[in-house]
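Reader: I have just opened this one and I am new to it. Could you walk me through it?

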Amino acid sequence: MTVKRLLIGGSLLFCALMVWGFLTFFEHYTEERDRGWGPEARRNWFLAAEQYLAAVGLEPRRAENLSVVNGLSADATLFIASSSLVYNPQRVAELLGWVQSGGHAIVVARTEGFDVEEQRSEARDWLLEALDVSIMQGHEEYDFAQPLQQLLGEDAELGPQQSPGEALREYNRRIGKGDSTQKEAQAEIAREKPRNPEVEPQDLVSLTSDSGVEFQLHFNASHLLYHPGLDDNTVADAPVFWARVWRDDEAVPFMQFERGSGVITLLTDSEIWHSQRIGHFDHAYFLQLLAGNGEFVFLTRPRFESLSYLARKYAAEGFFASALALLGWLLLRARRFGPLQPAPEVRRRSLLEHISACGHYYWQQDHCEQLLRGQRAELLRRLSATDADPGSRHKLAERLSAATGLSEHDIIASLWGIPAASEESFTEHMRTLQRIEAVL
């Protein structure tokens, strides 16, 4: 018993020492992993813009189509992600009417389908036509550099789906393998991550707000806007404000029109307020300046939920509809009563049934009178009595009565009488004509 107790005590003491050593020498640390954008951010490109506007005290929301204009207040702001959403003259009139009452519309001109050679778009743009604005070819396609390019170096390979955290971990892994010295690695990582991409100064648009604050914008100027009022101050309904990227540009990346008490801001860069670019330069501040005092409505694109989401949302309705359909099918199949009758025997009709069916068909289609007249005409031709007078008819009826045994009255009625009006009289006349034909 003593040895056993010593073993138990020693085991407990060893376990206690192990726990103490683990708690003493174990290092606690927290690792934060960047998993990229969430599902909502991937679906909604303007999620960061909505959150920013909410943070500054505005009321952002999303709309499905342009009919939302009918319910907007005069101090609201409507952002339209593509002028193609204003798809007919009636919608243009509704939008301009709301702007004249004091609303502010921010519209991105549609540049998809722009023909570089012909300098025009393939599809008709009703809003641009109403504003007398046209699309022009701008500068070369912009290649927006990754903000981490400056941190990781020009040789860093950044995939389009690669998150900043993954890029940093890949860079650290390369450093650990000897791609750079430890001192250089520490210096690179210690450098502050840049917020803005590498942009040439002449590609930036510098503006000044009413309060005197100067801010910079970086537009994608691959397509620009042109209005005759940019060159001629006497043109009516010309834009009241615009800014050029380069001084010698004929067209501009954005312009503003005054219509009544409201303003229309027209621009060509559809991604300046996307989540990946709203943090560059002063894009978010520019959006705040354009916003009114009321609600801010985003009209981006029709939203179509996934099939799995719709299946989960309407699962209960689908189940009850299927149950009702099954119940209706069971009631339909259970309508008969009594024992199951054998299937009727399939056989061909007899000649008599066929003749009877044909006769009924001809009688229903009023063809029997034509048959009776044809049979009469043939017999009268053979008897040479087609144009016989009453005396000749009476003599002929006497001779036929003696030959056939029929009464003279029936013979005269069948050969020269009124056509049959019933199935029985038709049958009787045809039988009389057939007996006359038999004795000829």
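Author: Let us begin with one residue: Phe-281 has a relative accessibility of 11% and so counts as buried, where buried means under 20% relative accessible area, exposed over 50% and partly exposed in between, with a 1.4 Å probe and protein chains only. This is a predicted model, in which local features need pLDDT of at least 70 and side-chain atom pairs count only at pLDDT 80 or more, while totals for chains, interfaces and linings use all residues. Residues are numbered from 1 along each chain as its sequence is written, and side-chain values use heavy atoms, with hydrogens and water left out.

Reader: Where is Phe-281, and what is its phi?

Author: Phe-281 lies in the loop between β12 and α9, and its phi is near 50 degrees, a positive value in a residue other than glycine. Names such as β12 come from DSSP runs numbered from the N terminus, with helices being H or I of at least four residues and strands E of at least two.

Reader: What about Asp-237, is that buried or exposed?

Author: Asp-237 counts as exposed, because its relative accessibility is 53%. Asp-237 sits in the loop between β9 (223–226) and β10 (241–243), and its phi, near 55 degrees, is a positive value in a residue other than glycine.

Reader: Okay, changing topic: how many aromatic pairs are there?

Author: A search of the whole structure gives 14 aromatic pairs. Rings of Phe, Tyr and Trp (its six-membered ring) pair if their centres lie within 6.5 Å, and planes under 30 degrees apart count as stacked, over 60 as edge-to-face and the rest as tilted.

Reader: Why is the pair of Phe-79 and Trp-273 edge-to-face?

Author: The planes of the two rings, Phe-79 and Trp-273, stand at 80 degrees with the centres 5.8 Å apart, so the pair is edge-to-face. The pair links distant parts of the chain, as Phe-79 is in strand β2 (residues 77–80) and Trp-273 is in the loop between β12 (262–267) and α9 (283–290), 194 residues apart. Phe-79 is buried at a relative accessible area of 1%, and Trp-273 is buried at 2%. Ring pairs also link both residues into a cluster, with Phe-46, Tyr-285 and Phe-298 among its other members.

Reader: And Glu-271, where does that one sit?

Author: Glu-271 is in the loop between β12 and α9, and Glu-271 is partly exposed, with a relative accessible area of 32%. From C-alpha to C-alpha, Glu-271 and Ala-81 are 9.1 Å apart in space, although 190 residues separate them in sequence.

Reader: Now the helices: at what angle do α14 and α16 cross?

Author: The axes of α14 (residues 390–404) and α16 (residues 423–439) cross at roughly 85 degrees and come within 10 Å. Such axes are lines fitted to C-alpha atoms, for helices over the stretch in contact, with angles running from 0 to 180 degrees between N-to-C directions. The two helices, α14 and α16, are therefore roughly perpendicular to each other; angles under 35 degrees count as roughly parallel, over 145 as roughly antiparallel, 65 to 115 as roughly perpendicular and the rest as oblique.

Reader: Which residues meet there?

Author: Leu-400, Ala-403 and Thr-404 of α14 meet Arg-435, Ile-436 and Val-439 of α16, where contact means heavy atoms within 4.5 Å.
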